[in-house]
Amino acid sequence: MRMLPVLTRLAWRYLWRNHRRTIIMLSAISIGVWAMIFMTALTRGMVDQMIKDGISVLPGHVQVHSPEFLDDPSVSNRIAIGDVELGRAFDSAGFKAWASRVKVPAVITSERESRGVTLLGIDPAAEREFSFVSYDDVEGRFLESVDDNGVVIGKKLANTLDTEVGKRIVLMSQDPDNEIADRGFRVVGLFTANMPAFEDSFVFISKKAAQKMLRIGDSTTEIVFLGDDYRNIEPTYELVKQRIDGSLDISRWYEVNTYLGTMLKVMDGFVLIWVIVIFLALSFGLVNTLVMAVFERIREIGLMLALGMKPASILGQIIIESMLLLAVGLAIGDVLAWATIQPLQGGIDISVVAEGMEMMGASSVLYPKLYWSDMILANVVVLILGFFASLSPAWRASRYEPVEAITKVG
Amino acid sequence: MTAVRCVDLCKTYRQGDQDIKALDHVSIEIEQGGFVCLSAPSGGGKTTLLNAIGGLDIPDSGEVWIAGQRIDEMSKGALADLRLSSIGFVFQAYNLIPVLTAQENVEFVMQVQGIPAAERRDKSLAILDEVGLKGLEGRRPAEMSGGQQQRVAVARAIVSRPALVLADEPTANLDSKTSDELMKLFTELNEHHNTTFVIATHDQRVMRYAKRLVRMLDGRIVDDIEQDAA
């Protein structure tokens, strides 16, 4: 540690001895780091949006079902707990939001067409926090109460069914005895969604209307809970676990939609691989720079050894030089990445390729997401790998014999 | 007290197909406070002997003793410590670290020794004044003449008052006036601080200052005479 100030001073001065080479290397490192962080932010933003969209369709971070419901989502597998009892268990428990709903597969029929859909019987007040539908942007109106008799469908579905606000449609599903349960509803609203596919596949009626149509009393099929962040749902999960009947099945969102959960894990791995790949490209330049820097001062290294500096200090000096180079490059790259991502926080319109994005489950606006953890990961990986990349030239420099190094020509 | 003792040193270099005997059974003893000039034509072995004494080069056979310690069997780390604490070096060329200023170059050895900053500063400024470089403390080697650079190197070699100073052609790049000044400085240090000087040179003016003149030829000591210094 005693040698650190003198080694750092030497390393810093030697770094700027050849300005041009250092600036070129710094540019390469900065652009590489910028690319690491910027591309990660774009991909994170895309995956983040895909997951949020995916969760918004579920919707809910933690869900409670009858044990067989996820395999057979019919009213036979319902939760026979009434709203009053649920309210007692959850209202004062400190959840960000919770709701109970009826969710079953159904068929919607207009006078012209039929389509298979997911029927959601909801309490609109309780679902506001969960829904992917913005109540205020609905053409016509959204459901107004838990016993509203209207139906709200997506605009795309309305086009398919050739129907509109004010017209009647019929919803059909199965009751607990596997008999046909159907009922006519008047279309009171048409919603739009980020993902056009959602407009085609979801139909909203009130919870009471659904319970009545399906003849299930005050039972529901799903109780859902919202946490603060979809990445950190364990506290919500634990809270639900403490307050729910053990015979029911409690699932995290990524257990309900394993594709989304896997995507999140893959994304973390992808970021690391992306950072390492870019660094490997950078490392050739870094090692070359260090080898050149050592080569052009062999005599000076010999002089330092002759004056009594130990080989370990020479090793340390070259490694510090490499770390300083990387640290400056990282700082510039970080600032550059932050400065280019900030103006894009409002979203990048990629509607030109929206259909292709939709096939991947992503929306047509990309919101870059800069996570500090990704930035830290990029910085730490570059510094650690940079350290190892510097070892070879540093080791070679420390192995010189003073006499041979001092008398080295050229 | 014996400052340097070399016993039967041999060192052979391979140059192409030829073996060159740089040291051929050399033995020499130098007392503390000695002022010795090693003189030889190029390739005569004086630099090799100087390097062996300084622990920079290990002889093929024989023994090297510095202040009672046998150094030819020491580890690299121990040799580095010995050079740092007891030996000052002045080389013919490439003497300074180009990215450091004159003052920083002088402070370098003290910094490696772990001497506190204030003490380093005081000593380096005083020694630079002593070698006639007052006002040039902040200059880098590239901004100084060859003579000024050599004086910085001398200042660095003697600033921590080593017991032994080894100088290889210290006046090679200096004019006669600067050479004389440098040699007078060496003489003064030798007399006042009892510092032992071993100087490899073929400069007749330098030899005049030596108390003892050792002539070498083809790796052997051919003449070893005491003389009255100038």
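Start at B:Leu38 in this predicted model. Leaving aside residues up to four places away in sequence, B:Leu38 touches B:Lys46, B:Leu49 and B:Leu50. Its other contacts are B:Val198, B:Ile199, B:Ala200, B:Val214 and B:Met216.

That list leads into a nonpolar core. The largest such core has 116 residues, and B:Leu38 and B:Val198 touch the most other members. Helix H12 of chain A, residues 311–341, gives the most to this core, with 10 residues. There is also a second, separate core of 62 residues. Among its members are A:Ile51, A:Trp98, A:Val117 and A:Leu214. In soluble globular proteins, nonpolar side chains tend to be buried together.

Now turn to the sheet in chain B. This is an open sheet of 4 strands, in the order S2-S1-S4-S5, with antiparallel pairing. Its edge strands are S2 and S5 of chain B, and each pairs on one side only. Strand S5 covers residues 69–70.

Walk across the sheet from S2. Strand S2(B), residues 18–31, runs antiparallel to strand S1(B), residues 2–15, and 11 bridges join them. Within this pair, B:Val4 lies opposite B:Ile30 of S2(B). The two strands form a hairpin with 2 residues between them. In the turn, B:Gly16 has a positive phi of about 65°.

S1(B) also pairs with S4(B), residues 61–66. This pairing is antiparallel too, over 5 bridges. Here B:Cys10 has B:Ser61 in S4(B) as its bridge partner. The last step goes from S4(B) to S5(B), which run antiparallel and are joined by 2 bridges. B:Ile66 has B:Gln69 in S5(B) as its bridge partner.

A helix packs on this sheet: H1 of chain B, residues 46–53. Helix H1(B) touches S1, S2 and S4 of chain B. Its direction makes about 125° with that of S1(B). Recall that B:Leu38 touches B:Lys46, B:Leu49 and B:Leu50.

Finally, look at where the chains meet. How many residues of chain A are in contact with chain B? The count is 19 residues of chain A, in contact with 20 residues of chain B. On the chain A side, three helices of chain A are the elements that give two or more residues: H1 (4–15), H11 (298–306) and H15 (402–406). What classes of residue make up the side of chain A that touches chain B? There are 12 nonpolar, 1 polar and 6 charged residues.

Technical notes:
Residues numbered from 1 in each chain as written. Chains lettered and ligands numbered in written order. Predicted model: local features only at pLDDT ≥ 70, side-chain atom pairs only at ≥ 80, totals over all residues. Pairing = 2+ DSSP bridges. Contact = placed C-beta atoms within 7 Å. Axes fitted to C-alpha atoms, helices over the stretch in contact; angles between N-to-C directions. Core = buried A, V, L, I, M, F, W, Y, C linked by C-beta atoms within 7 Å. Buried ≥ 20, exposed ≤ 12 C-beta atoms within 10 Å, placed from the backbone. Nonpolar A, V, L, I, M, F, W, Y, C, P; charged D, E, K, R; others polar.
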